[in-house]
Structures are given as C-alpha cells and as structure tokens.
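Here is a friendly note to read alongside the model. Please keep the 3D view open and turn to each part as it comes up.

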Amino acid sequence: MPMYESTKFDWSGGGGGQVLDLETAVKDGILGGDVSGPVYTGLADKMDLKIMIQELESIDVPSVFICPISLAPMQEPVTLCTGQTYERSNILKWFSLGRFTCPTTMQELWDNSVTPNNTLQQLIFSWFSIKYAAMKKKSEDVHGRSIEILETLKKVKGQARVQALKELRKLVSIHSTAKKAVVGNNGVGLISFLLGPFTTHAVGSEAIGILVKLDLDLETKKNLMQPAKISLMVDMLNEGTIETKINCTKLIEILMEAGLGSEKVSSCSLLVGLLRLVKDKRHQNGVLAGLGLLKTICSHEAVKYSLVSIGAVPQLVEILPSLSNECLELALHILEAVSTVAKGRLALKDCPCTIPNVVKLLMRVSESCTQFALSILWAVCKLAPDECAPLAVDAGLAAKLLLVMQSGCSPELKQQSAELLKLCSLNYSASIFLSKCKLTRSLQ
C-alpha cells in the first residue's frame with residue numbers, strides 16, 4: 001500500500017521553514033488545475049514520476065522544478081547549505097569531481113552535506129500528476145473523437161464529409177493517439193476508399209493529408225496504386241494548394257517504396273507538376289519534396305527521357321544557384337542521372353548555364369556534390385570537347401580540378417578530375433593552359 005502524506009509542506013526542506021500547501025501553490029502559479037486527491041511518496045512513486053516526466057517532456061515546466069546543473073526536472077531534489085536546490089545525482093557527481101562549491105553561486109561550501117527537499121519533491125510530483133492526468137484524459141477524448149469521425153465518414157457526403165476529414169486531419173497531425181485510433185479501427189481502408197475517379201479535390205486533399213501522416217501497410221499501398229487513385233493525386237499535384245501538392249508528392253514517394261511502376265511515374269503530367277513545385281521558390285518545403293521525388297524516380301530510363309522532353313534540364317540548371325545545400329545535392333543527382341542518356345547529354349550541352357553553374361559547385365558543398373558535378377561536366381565536355389572544353393576552362397574548371405586533386409577527396413574523384421583536366425588541355429599549348437589555370441585561380 002502506498003503511503004499518504006498531508007498536502008501541507010515545509011518549503012525549506014529541513015523543518016521550521018515556511019509552510020506551503022497545494023492550494024497556495026496553485027494560487028501562486030506553481031501548480032495548476034485540480035488539487036484534489038492524495039499525494040504519494042515512496043520508491044514506486046519515484047518510478048512513476050520518472051515515467052511522467054518522460055511522457056510530458058515537451059511541456060513547459062516551472063523553473064523552480066528544474067535542476068540548475070542538468071536543466072531537467074528534478075526527481076530527488078536536495079538542498080545545500082547555501083539554500084540552492086539540485087537533483088541529488090547531479091550534485092553528488094559535482095562533488096565527486098572535487099568541486100566543493102555551489103554550482104549556482106560558486107560559493108565555497110562550509111558544509112557539504114545535502115538535505116532532501118521533501119516539500120519540493122512532493123510539489124513536483126503533484127504538479128506532474130495533475131498534468132499527466134489531464135494529458136491522459138485528453139488522449140482518451142482524442143481517441144474517442146477519432147472513432148466518432150470515422151463512423152461519421154461512413155454516412156455523410158459532400159461538405160459534411162469534407163468537414164469531417166478536416167477535423168480528422170487536424171487530430172492525426174497533432175496526436176499520436178488519433179493515428180492509433182485510425183489505424184486500429186480500419187480507418188486507413190475507409191479513407192483510401194474515398195479516393196477515386198469521382199472524388200472532388202476538396203475531399204481528396206483532406207484524405208491525402210491524413211494518409212501521409214500514417215504508417216501504411218503494403219496492402220494499403222498497393223490499393224493506392226490503382227490508376228484512378230494515382231490519376232487523382234497527379235491532378236491535385238498540378239492544381240491543388242501548396243500544402244496539397246506537397247502531400248501528394250510525399251504520398252507518391254511512399255508508394256514508390258512499394259513498387260509503383262515506371263510507366264506511372266514517367267507520365268508527363270506528374271513530372272510537369274513536380275517541376276512547377278521545384279521552381280516555386282516561395283515554398284522551400286515544396287522544392288525539397290519535389291526534388292526528393294524526382295531523385296527517387298530518375299533512375300528509370302523512361303523518366304530520364306520524359307524529363308528531357310518536357311524541358312526539365314535547362315530549368316533545373318538555371319535554379320541551381322538559388323538552391324539550399326540539401327536541395328543542391330538532389331538537383332545535381334537528377335542532372336547526373338539525365339546525363340547518362342544521349343538526349344540528356346545533348347540537353348545539358350545546349351543549355352548555356354550548364355558549364356558556369358556546375359563549375360561553381362565544385363568543392364563548394366560536399367564531396368557528393370563534387371562527384372555529381374564532375375560527372376555532368378565530363379559528359380558535356382566528352383560530347384563536344386572542342387566546343388565545351390574552352391568554355392569550361394574560361395569558367396575556372398581547370399583551377400577547380402587542381403583543387404580537387406590536391407584535396408582529401410577519394411582516389412576515384414581525383415582520378416576523374418585528372419582525366420577531365422587532360423581532356424580540357426587538348427586544345428591548348430602547355431604554356432597557355434598553365435597561364436589560364438593561374439589566371440582563373442587568382443580570380444576565384
């Protein structure tokens with residue numbers, strides 16, 4: 001049986017100090033909410049406190065409950081002779097390092113004993129108990145409401161269905177309890193069923209917004225790969241709001257993991273939609289999502305040719321200078337994949353920005369980016385050495401290649417740089433080529 005104690009506490013922790021009760025703590029803002037119910041003490045309750053602290057890690061905790069050493073809530077607070085309170089394990093570790101000072105005030109201690117602060121410990125336990133109970137009640141309410149919405153979706157149509165989906169999407173975006181309720185009550189199948197050839201974009205947008213938040217099993221993914229459902233996703237990718245476009249992109253990428261065929265991902269409508277998303281600089285999340293899916297699907301030969309046919313190559317090359325480092329690596333990966341097919345190499349050669357934009361990225365972001373950039377430049381210069389090599393040298397390629405060869409990059413990268421440097425030097429005498437290397441290097 002757990003022990004019960006009075007709800008009046010000696011705040012000083014050592015007896016004879018100010019008496020503080022739970023009602024006063026609530027009034028002063030230390031505790032909040034209902035103060036009814038017993039206060040527990042003992043080892044079992046300390047273990048419970050640890051669990052509560054872990055599950056409430058994102059909540060704002062009163063500063064008086066925080067250990068100044070670890071900046072985490074205290075479970076076993078002790079007070080020093082200076083009046084400062086710390087977590088027992090933290091202050092004992094401080095002493096074990098030969099430090100006999102108060103960490104907060106840096107005063108030397110005239111007494112290195114520690115006094116359990118039972119008052120504060122019980123206040124901490126009471127505060128977390130109240131918050132934990134409120135969280136559990138809210139979780140139960142969310143679970144029940146999620147099931148109610150699923151039942152409603154079976155009966156309603158039109159705007160009522162849209163509103164029900166909106167509420168459910170909000171719940172699964174915030175609460176893991178709602179996700180469990182949807183998955184555990186066949187909600188995934190129900191929501192997937194709502195997507196089809198006659199689904200309005202309003203319903204489809206909310207349904208997809210829910211599905212991307214859930215862990216989908218293989219059967220659900222295969223169900224979502226039906227042509228009518230994919231067609232709806234592609235339509236909304238081209239015509240929906242920015243949030244809908246991003247969610248459609250993420251869902252299609254999830255389906256790729258389940259084996260979505262190249263004949264579906266190489267459709268011009270999908271690629272055009274992704275390209276529009278990537279070019280919209282106002283929404284970096286959209287740029288990242290679009291490039292991420294393009295990277296995933298660009299290994300398919302059909303996708304490479306389709307990207308060339310819709311004019312994606314010059315558009316991707318032109319936005320390279322404005323991309324973040326994370327997006328740059330994705331974009332270069334895509335362009336490097338396109339450079340492995342003849343039409344892709346030709347498109348890269350014909351784009352006037354390819355050589356200057358790609359040369360600038362050598363040794364700028366990461367070794368992976370340098371690898372992709374070298375492969376692109378090699379493909380272009382190899383295709384038309386007389387035309388492209390002089391442009392590359394004038395853009396500073398020779399000096400950059402020398403930097404790569406002198407760096408700590410991989411042997412394969414250094415070898416590739418040496419071969420490209422040799423290719424670029426064929427149209428020059430040794431003295432002229434060397435002078436160009438020095439000139440461009442001094443200008444960088």
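1. At what angle do helix α11 and helix α14 pack, and how far apart are their axes? In this predicted model, α11 (residues 242-256) and α14 (residues 284-297) pack at an angle of about 25°, with axes 9 Å apart. That angle makes α11 roughly parallel to α14, since angles under 35 degrees count as roughly parallel. The crossing in which α11 passes α14 is left-handed. On the α11 side, the contact is made by I246, T249, I252, E253 and M256. On the α14 side, look for N285, G286, A289, G290, G292, L293, T296 and I297. Sorted by class, the residues of this contact are 6 nonpolar, 6 polar and 1 charged.

2. Stay with α11 for a moment and look for another helix that it meets. The axes of α11 and helix α13 (residues 268-279) come within 11 Å and cross at roughly 125°. Are α11 and α13 parallel or oblique to each other? They are oblique, because 125° falls outside the ranges for roughly parallel, roughly antiparallel and roughly perpendicular. Here, too, α11 passes in a left-handed crossing, this time with α13 as its partner. I242, K245, I246, T249 and I252 in α11 meet L270, L274 and L277 in α13. The contact of α11 with α13 has 6 nonpolar, 1 polar and 1 charged residues. Try finding I246, T249 and I252 on your screen: they belong to the α11 contact with α14, and they also meet α13.

3. Now for a sheet. In what order do the strands of the open sheet lie? The order is β6-β5-β7, and the 3 strands pair in an antiparallel way. β6 (85-87) and β7 (115-116) are at the edges, each with a single partner strand, so each has one side without a neighbour in the sheet. Strand β5 (residues 77-79) is joined to β6 by 3 bridges. To find your place along this pair, notice that P77 stands opposite E87 in β6. Helix α3 (residues 88-96) lies across β5, β6 and β7, and its direction makes an angle of about 95° with β6.

4. Next, please look at helix α18 (residues 342-350). Which of its residues are buried? They are G344, A347, L348 and K349. The cover over these buried residues includes α15 (301-309), α16 (312-319) and α17 (325-338). It also includes α19 (354-359), α20 (367-383) and α21 (385-394).

5. Two residues of helix α23 (residues 411-425) deserve a look, beginning with S417. Is S417 buried or exposed? S417 is buried, because its relative accessible area is 0%, and the cut-off for buried is under 20%. Setting aside residues up to four places away in sequence, S417 touches L374, L401, V404 and M405.

6. L420 is found in helix α23 as well. With a relative accessible area of 0%, L420 is buried. How many residues separate L420 and W378 in sequence, and how far apart are they in space? They are 42 residues apart in sequence and 6.2 Å apart in space, C-alpha to C-alpha. Beyond its neighbours within four places in sequence, L420 is in contact with L374, L377, W378, C381, L397 and L401. L374 and L401 are also among the residues that S417 touches.

7. A point about the backbone comes next. Most residues other than glycine have a negative phi. M106 has a positive phi, near 60°, and is not a glycine. You will find M106 in the loop between α3 and β7, where it is partly exposed, with a relative accessible area of 49%. N186 is not a glycine either, yet its phi is positive at about 60°. N186 lies in the loop between α6 (176-184) and α7 (187-193). Is N186 buried or exposed? N186 is exposed, with a relative accessible area of 60%.

8. Finally, step back to the whole chain. Its secondary structure comes to 24 helices and 7 strands. Of its 444 residues, 45% count as buried. Among contacts between residues at least 6 apart in sequence, 66% join residues at least 24 apart.

Notes: Residues numbered from 1 in each chain as written. Predicted model: local features only at pLDDT ≥ 70, side-chain atom pairs only at ≥ 80, totals over all residues. Heavy atoms only, no water. Buried < 20%, exposed > 50% of the residue type's maximum accessible area, 1.4 Å probe, protein only. Helix = DSSP H or I, 4+ residues; strand = E, 2+ residues; numbered from the N terminus. Contact = heavy atoms within 4.5 Å. Pairing = 2+ DSSP bridges. Axes fitted to C-alpha atoms, helices over the stretch in contact; angles between N-to-C directions. Parallel < 35°, antiparallel > 145°, perpendicular 65-115°, else oblique. Left-handed = near helix turned anticlockwise from the far one by under 90°. Nonpolar A, V, L, I, M, F, W, Y, C, P; charged D, E, K, R; others polar.
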